[in-house]
Amino acid sequence: MASKNPKEMVSRLRNTFHSGKTRPIEYRVKQLNALLRFFEENTAELAQALKQDLNKSKTESYTLEIDFVANDIKHQLMHIHEWTKPEKISKGLVNLMDSVYILHEPYGVALIIGAWNYPIQVTLGPLVGAISAGNCAVIKPSELSPASSKVIADKLPKYLDNDAYQVFDGGVAETTELLKEKFDYIFYTGSSAVGKIIHAAAAKHLTPTTLELGGKSPVFIDSSTNFDIAAKRIVWGRYINAGQTCIAPDYLLCTKEVQQKIIPAIEKALKQFYGEDPKSSPDYGRIINGRHFERISALLKGCTVAIGGETDEKNKYVAPTVVVNVSPTDGIMQEEIFGPILPIVNVDNAYEAIKFINSKEKPLALYIFSKNSDTINQILENTSAGSVCIDDTILQAAVNGFPFGGVGGSGMGGYHGKFSYETFIHKKPVLHKDSSYLGEKLGSLRYPPYTDKKLHTMQAALAPPKYQFPFKFIRPLLTFFFGFAFAFVYKRIF
């Protein structure tokens with residue numbers, strides 16, 4: 001079971017890290033394979049927990065949570081030997097005879113704080129990177145998704161080395177005590193409000209952090225798009241997990257003419273996906289708890305509902321909803337919705353959409369539906385977002401080679417794939433200075449007494465080369481040259 005004493009837990013993990021146990025690649029591979037077995041042997045139980053917490057369908061549970069992390073483990077296992085090698089870098093004249101490289105050093109003891117909306121993916125996804133980078137870790141699942149958290153707390157310790165990886169199961173009070181401890185890295189997924197608290201706690205120890213937050217991710221759509229296709233992709237992105245997705249489309253920007261065309265297309269897509277009554281659909285989720293149900297329901301007050309709007313407090317059900325006649329000052333536009341409501345804000349053109357987007361905090365994601373390349377480039381070049389997807393939603397988060405993360409108010413840092421590994425390492429530069437006669441001769445230019453000649457020579461040596469030269473071949477060539485010269489002279493004399 002998970003320990004409740006933060007000080008003892010962190011001390012145990014720190015002792016393990018300082019012992020060097022987690023550094024060998026073989027150890028990391030063993031733990032990654034053990035984590036993979038956790039997913040393979042507990043798939044049904046994990047899916048059932050997600051169903052209990054969020055009424056997630058089997059498809060969403062597998063593709064967006066269980067398989068998502070399992071595939072990332074497999075990806076990192078394929079590349080871990082390559083990623084962990086020292087990085088070779090190009091050299092200038094001043095380091096002609098030296099060895100220069102970058103070592104990947106694990107930070108130490110990491111704290112990973114997960115979120116309730118994707119309680120498996122965002123809790124155990126970062127752990128994959130922490131393990132492959134050679135760290136120890138405290139894993140803190142969200143208490144708001146109790147069934148998923150219980151599976152993690154009960155099952156995960158049976159697979160991983162408990163001297164290096166510990167699950168901390170608790171609420172706000174326990175997490176507050178946990179944050180008083182000194183960690184070497186903190187990875188948090190959740191709201192911006194709590195993110196600020198996490199960052200403030202980390203600052204007391206100068207602990208580096210990754211903050212995966214959220215924000216109001218906009219969708220711009222113009223008249224050039226295919227409305228039936230756009231509607232399906234927007235509906236899927238907005239209403240999976242009952243809208244409780246950090247990169248879900250939060251509001252739609254379009255002209256009134258486009259609004260008249262997209263609303264019927266959205267209504268059509270909703271019926272195709274969830275039938276006439278989404279409440280009875282096995283594929284439509286529920287709000288996580290009563291407090292969030294009340295918060296989302298309150299956002300609907302005073303709104304003009306175009307589609308949906310039904311709520312059921314007992315079942316924590318909020319229908320897939322579209323609202324119109326939305327003003328920038330309305331309550332629904334003041335915070336991330338994090339629920340199945342899609343407001344439509346009218347703008348006259350892309351320029352107005354850009355101004356509107358830039359008037360708010362930088363979003364975690366930005367979506368553009370247009371066939372006009374000038375419009376697309378205009379929005380791309382004049383806005384900032386954690387990621388962008390054109391003519392679809394959400395899917396940018398599934399690209400292996402992309403970092404997933406925010407910017408500004410939507411967070412800092414990124415992960416997934418190689419970026420997860422790199423999140424949990426410090427890149428340590430190493431200079432191994434040549435101590436041979438020739439190496440010392442080159443280095444002696446820095447010694448006093450200084451002369452103008454020395455200065456000019458040093459300036460030339462320190463200046464970046466006009467042309468890239470393969471300096472890695474210089475040392476063996478010089479060795480060969482001097483060896484050949486010595487042999488030639490030796491033969492002539494003797």
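The expected span of a helix is 1.5 Å times one less than its number of residues. With that in hand, here is a short tour of a predicted model, taken one close-up at a time.

**Figure 1. Helix α8, residues 192–203, has the length its residue count calls for.** Helix α8 holds 12 residues, so at 1.5 Å a residue it should span 16 Å. The C-alpha atoms at its ends are indeed 16 Å apart, in agreement with that expectation.

**Figure 2. Helix α8 has a buried side and an exposed side.** Gly-195, Ile-198, Ala-201 and Ala-202 are the buried residues to look for in α8. They share one side of the helix, because the arc they cover around the axis is only 125°. An α-helix has 3.6 residues a turn, so residues three or four places apart point the same way. Turn to the other side of α8 and you meet Ala-193, Lys-196 and Ile-197, which are exposed. The buried residues of α8 pack against three strands: β3 (109–113), β6 (185–189) and β7.

**Figure 3. Glu-212 and Cys-246 carry the UniProt annotation "active site".** The annotation comes from an unreviewed entry. The two positions are spread over 35 residues of sequence, yet they cluster in space, with a largest C-alpha distance of 8.9 Å.

**Figure 4. Glu-212 sits in strand β7, residues 209–212.** Its relative accessible area is 2%, so Glu-212 counts as buried. Leaving aside neighbours within four places in sequence, Glu-212 is in contact with residues including Phe-187, Tyr-188, Thr-189 and Gly-190. Its other partners include Phe-404, Gly-405, Gly-406 and Tyr-415.

**Figure 5. Cys-246 lies in a loop, between α9 (227–239) and β9 (251–254).** Although it is in a loop, Cys-246 counts as buried because its relative accessibility is 15%, and buried means under 20%. Beyond its neighbours within four places in sequence, Cys-246 is in contact with Asn-117, Leu-213, Gly-214, Gly-215 and Ser-217, among others. Glu-336, Phe-338, Leu-364 and Phe-404 are in contact with Cys-246 as well. Phe-404 deserves a second look, as it is in contact with Glu-212 and with Cys-246.

**Figure 6. Tyr-107 and Tyr-185 form a tilted pair, one of the 13 aromatic pairs in the structure.** Their ring centres are 5.0 Å apart and their planes meet at 40°, so the pair is tilted. Tyr-107 is in the loop between β2 (99–106) and β3, while Tyr-185 is in strand β6, so the pair links parts of the chain 78 residues apart. Tyr-107 is partly exposed, at 28% relative accessible area, whereas Tyr-185 is buried at 5%.

**Figure 7. Tyr-284 and Tyr-317 form an edge-to-face pair.** Here the planes are at 75° and the ring centres 5.9 Å apart. Tyr-284 belongs to the loop between α10 (256–274) and α11 (290–299) and Tyr-317 to strand β12 (residues 317–318), so the pair ties together parts 33 residues apart in sequence. Both tyrosines, Tyr-284 and Tyr-317, are buried.

**Figure 8. Six aromatic residues form one cluster: Tyr-107, Tyr-185, Phe-187, Phe-404, Tyr-415 and Phe-424.** Several will be familiar from earlier views: Phe-187, Phe-404 and Tyr-415 are in contact with Glu-212.

**Figure 9. Two lysines lie over the faces of tyrosine rings.** Lys-56 lies over Tyr-118, at 3.7 Å from the ring centre. Lys-58 lies over the face of Tyr-62, with 5.7 Å to the ring centre.

Conventions
Residues numbered from 1 in each chain as written. Predicted model: local features only at pLDDT ≥ 70, side-chain atom pairs only at ≥ 80, totals over all residues. Heavy atoms only, no water. UniProt positions renumbered as here; feature names shortened; annotations may be inferred. Helix = DSSP H or I, 4+ residues; strand = E, 2+ residues; numbered from the N terminus. Buried < 20%, exposed > 50% of the residue type's maximum accessible area, 1.4 Å probe, protein only. Contact = heavy atoms within 4.5 Å. Arc of directions from axis to C-beta. Phe/Tyr/Trp six-rings, centres within 6.5 Å; stacked < 30°, edge-to-face > 60°. Lys NZ or Arg CZ within 6 Å of the ring centre and 35° of its normal.
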